[in-house]
Amino acid sequence: MNTLKDAKVGETVMIKKITGSGPTKRRIMDMGMTKGAEVLIRKVAPLGDPIELHVRGYELSVRKADAELIEIE
Amino acid sequence: MEIKIALAGNPNCGKTTLFNDLTGSAQYVGNWPGVTVEKKDGRMKNHKDVVIQDLPGIYSLSPYTLEEVVTRNYLVNEKPDAIINIIDGTNIERNLYLTTQILELNIPVVIALNMMDLVRKNGDSIDIKKLSNQLGCKIVPISALKSEGGQELVAEAIDAAKNNRLAEPPHVFKGSVEHAIAHIEESIEHEVSRDNLRWYAVKLFERDEKVVEDLAFDDSLMRHIEMHIKDCEKEMDDDSESIITNQRYAYIQNVVDLSVVRKKARGALSISDKIDKIVTNRILALPIFAVIMFLVYYISVTTLGTVVTDWTNDTLFGAWIQPAVQHGLEAIGASGWLISLIVNGIIGGLAAPIGFAPQMALVFFFLSILEDCGYMARVAFIMDRIFRRFGLSGKSFIPFLISSGCGVPAIMASRTIENEKDRRMTMITTTFIPCGAKLPVIAVIAGFIMGGAWWAAPMMYFAGIILVIISCIILKKTRMFAGKPAPFVMELPQYHIPSGRGVLIHVWERVWAFLKKAGTILFLCCVVMWFLGSFGIHNGAFGLVDSENCFLSDIGNAIAWIFVPLGFGTWQAVASSLSGFVAKEGIVSTMGVLAGLGDVGGYTSSMHNAFAAFFPTSIAAVSFLFFNLFDSPCLAAISTMAKEMGSRKFFWFAILFQNVMSYCIALMVYQIGGLAIGTVAFGPATIVAFILLAGLIYLLFKPDRSKTAQLKVHEGAAA
C-alpha cells in the first residue's frame, strides 16, 4: 500500500490513514496530518532525511521512517 | 484579590512577545519543579493584581511530552481564573486544534488572534464575529509585534476572569462519538468534579494513560467505560485516539471554511518558502550553515568575546580592581593572609564568572536572534540525519558547537531540545568537546611530549567528538535514557524579524541567572581552593605556606595512588588536576606554580625538566591530558548543569559518568598505549584496561532493546 514515504517531491496527496500507535502517531495527527488532509511534499533535507511537507497552511518536517506510517491515496 | 491568567498557545505564535508586552520586565524565570521545563510568570503592567502565568508552547494536551503534561496539570489542578489562548492568524487550523481542547476545561477563555498584520499583508480575511460565535468565546485581534490590540485584550481577559465568563463549549464531536463521551460522563459523574467532567470524559475515551493513572478508577468502572469506547471504535473503524483527533480537525475545517477566506492558493510559496529554497537547498544548505556558525563563533568567542573577556580579567580586575583593593587593604594595615584572601581568593575567584559573562552574552545574543527568526529549526532539519544515528536529533547540534567555545552557554542552549532525555544526554556529553579553557593544557602537554605539534588540538577535538558519539550510543541503550524515542515531527515556522526587546530580555535572563547561581557557588569554592592552596601545616604549625606544603598538595599526595595506574600518580599532577575542578585554565597555572616556574603562558622547551617530575613518561602526560579534558567540567559549568538538569539524581549521574569515563579512557590510553609502545610493563592494571576496553566495545554494539521493540511496532503496522 502507498505511504507518504513513497510520494515524490512536488506531489500533492491525501491522507487515508495513520498506522502505528503511541506518541509518534499522536504527534503526527496532532500536527494536522489526519484522514482526508491534503499534503504537498515540499522537499527533502540536504542529507536525504527528513522531508518537508506543506499541510494545513504550514511547513512540517517528518522523518522518512515516520512518513511510512502515513497511508495515502 | 489576585487574578491569575494563564497564557497558552502553540510554539512560534508570538506568545513570548505577548508575554513580554504584558509584563514588561516584571518577570520571573525558573523551572517547573523537578523537570527541565522553563516556568515563567510575571505581573501585568498597570494591573499589579494580575499575575500572568506563561505556559510552555504546546500543540496539544496529549500525555506524551513533558511540556504538555506540565501544562495540563497546571490547567486542571491549579485552575487559573482565565486563559488567554494566543493563536497565529496565518496558521489558524493547527492553532485551533489546541483551542478545542482548552475550551473543554471549563475555564473562561479569551482568544488573542495574533499576527493580524501578516494576515492583512497576505490578503486573507478572517470573519472574527462568525468565528467567535462558533467557538463560543471572545476573540481579540492583535499584533503583538506592533503592539496593536493589547489594551483590548487585557480588558477582555480581566473581565472574563472577574466574571467567570463561561460560554457553552462548541459541539466538536458528532454522532456516536458524542454519545460515547456522554455515556462516559454519566458513568464518572460522581467520581470527579463538575468542572473537569468533560475533560476527563474525553481523555478517558482516548485511553489517556496519565488520566487513567491519576483517576485510578476501580476495574468494573474501567471495564464499563472500555465497553463504550470499543462500541464506538467498531462503528467508526478506527482507534479512539484517532477518532477524536480526526473529529477535532473535521470540526475545525468546517469552522475555518465558514470564517476564513484565503487569497493565495494552497501550497503557494510564501516569502519564507522562497528563502528556504536557498537556505535548505540540497547544495547550498550546508555551506550556508557553516558560514553562519563560523561567523557566530568567530565574533562571539574568538574575536570580540575574547577581547571583552580578556579585558575583564586582565584590565578590569588585574590592573584596576585587584591592585586598588590591595593598596587599600595594605593602607589600613590588614594582615597578609586577609589581603591574600580578599584580593586573590575572593576577587580573583569572582573574576572568573564575571569574565565569562561578556562572552556568554554575545553567544546568546546571536543564538537568540537565530532562534527567534526561525533559522534554528532549519538547522535541526538539516542536521537531523547525522544525529539520529546516535539517538539524538538535529537540535542537539547547537550545544555541541557552542561547547568548543565554552561549556556554560552550551549547557544552557540545551533548553531548546524538546525531549527531556535528549536534553539531559546532551548536557552530560557536551563538555567532552574541549572548550577554550582547555586549550592551554593541550598546548603544554603537546609541547612537553613532542615539541608542540600543530595537530594536537584538532586531534583532541576529534577525540572529543568520538567520545560524545560513543557516550550517546552507550547511554541511549541504558534504561535511564532509552524508552520510546521522541518523535521528530517538527514545525518549520515562517521566518520573521525577531523583536529586539525579546532578544535582549532573553540574553539578560540567561546571563543574570548564570551570574547569580554560578557566582555564589563559584565564589565559595574559590575561597576554599585559595585556602587549600595557600595554607598548610608546616613543621607542626598552621599558617601560610609554600606550595609544597599546602593542604592541596597534602590532598594530592593522599589520593595520588588512585592515579598510579594512569601513569601520573605524582602529587603535582594530581594537585594540578584538582585545580582544574574550579577552572580548567587553573591546571596550567598550578602546574607552573608547582614546578616553580611562576605564571605559565605557553610551553617552552626549558620547561621540560621541570615537568618531568610530574610525568615519568610521555605516555603518562598523554594520559594526564585525556583525563583532564574529559572529566567533569569547571565549576561554572558544573553549577550550570546542576541548575539546568532539574534533578539531583541526573546531576550526580552526570558527574559520575564524566569522571568514570575519563578515568577509564586515561587508564586505557596509558596501559594499552604504553604497552604498545613498550614503555609500560604488562601487569594487573593492563589486564583491567583490556577488560574495560572489551566492556566498552560490548556496550557499544550490544542490541538495543527499545530499538528492536520499535522496529516491531513499525513492522506490525506495515503488515
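This briefing walks through the chain contacts, a shared sheet, the nonpolar core, the domains and some unusual backbone spots.

The model is predicted, so local features need pLDDT of at least 70 and side-chain atom pairs count only at pLDDT 80 or more, while totals for chains, interfaces and linings use all residues. Residues are numbered from 1 along each chain as its sequence is written, and chains are lettered from A and ligands numbered from 1 in the order in which they are written. Chain A and chain B share a six-stranded open sheet, and chain B carries two assigned domains.

**Where the chains meet**

- On the chain A side 39 residues are in contact with 35 residues of chain B; contact means that C-beta atoms, placed from the backbone, lie within 7 Å.
- β1 (12-18), α1 (23-30), β2 (38-44), β3 (51-55) and β4 (58-62) of chain A each give two or more residues to that side; helices (H or I, at least four residues) and strands (E, at least two) are DSSP runs, numbered from the N terminus.
- α1(A) supplies the largest share, seven residues.
- By class, this side of chain A splits into 14 nonpolar, twelve polar and 13 charged residues. Here Ala, Val, Leu, Ile, Met, Phe, Trp, Tyr, Cys and Pro count as nonpolar, Asp, Glu, Lys and Arg as charged, and the others, Gly among them, as polar.

**The sheet across both chains**

- Strand order is β5(A)-β1(A)-β2(A)-β3(A)-β4(A)-β10(B), with antiparallel pairing; two strands pair if DSSP finds at least two bridges between them.
- β5 (70-72) of chain A and β10 of chain B are at the edges with a single partner strand each, so one side of each has no neighbour in the sheet.
- From one strand to the next, the twist averages 45°.
- α1(A) packs on the sheet, touching β1 and β5 of chain A plus β10 of chain B, and its direction makes about 135° with that of β1(A). Axes are lines fitted to C-alpha atoms, for helices over the stretch in contact, and angles run from 0 to 180 degrees between N-to-C directions.
- The cross-chain join is made by four bridges between β4(A) and β10 (residues 489-492) of chain B. E59(A) sits opposite L492(B), and L60(A) has E491(B) as its bridge partner.

**Core and domains**

- The largest nonpolar core has 191 residues, and V110(B), A112(B) and I445(B) have the most contacts inside it. Such a core is a set of buried Ala, Val, Leu, Ile, Met, Phe, Trp, Tyr and Cys residues joined through C-beta atoms within 7 Å; buried means 20 or more other C-beta atoms within 10 Å, exposed 12 or fewer, and partly exposed in between, with C-beta atoms placed from the backbone.
- Domain 1 (3-162) and domain 2 (175-261) of chain B each give this core at least three residues; the bounds come from an automatic or database domain assignment.
- The C-alpha centres of these two domains lie 25 Å apart, and 18 residues of domain 1 are in contact with 18 residues of domain 2.
- α3(B) gives the most to the domain 1 side, with five residues.

**Backbone oddities**

- Most residues other than glycine have a negative phi, and most peptide bonds are trans.
- D49(A) and P50(A) are joined by a cis peptide bond, with omega about -5°; P50(A) lies in the loop between β2 and β3 of chain A.
- N106(B) has a positive phi of about 65°, and R207(B) has a phi near 60°.
- N106(B) is partly exposed, with 18 other C-beta atoms within 10 Å; R207(B) is partly exposed, with 16.

Definitions and conventions
Contact = placed C-beta atoms within 7 Å.
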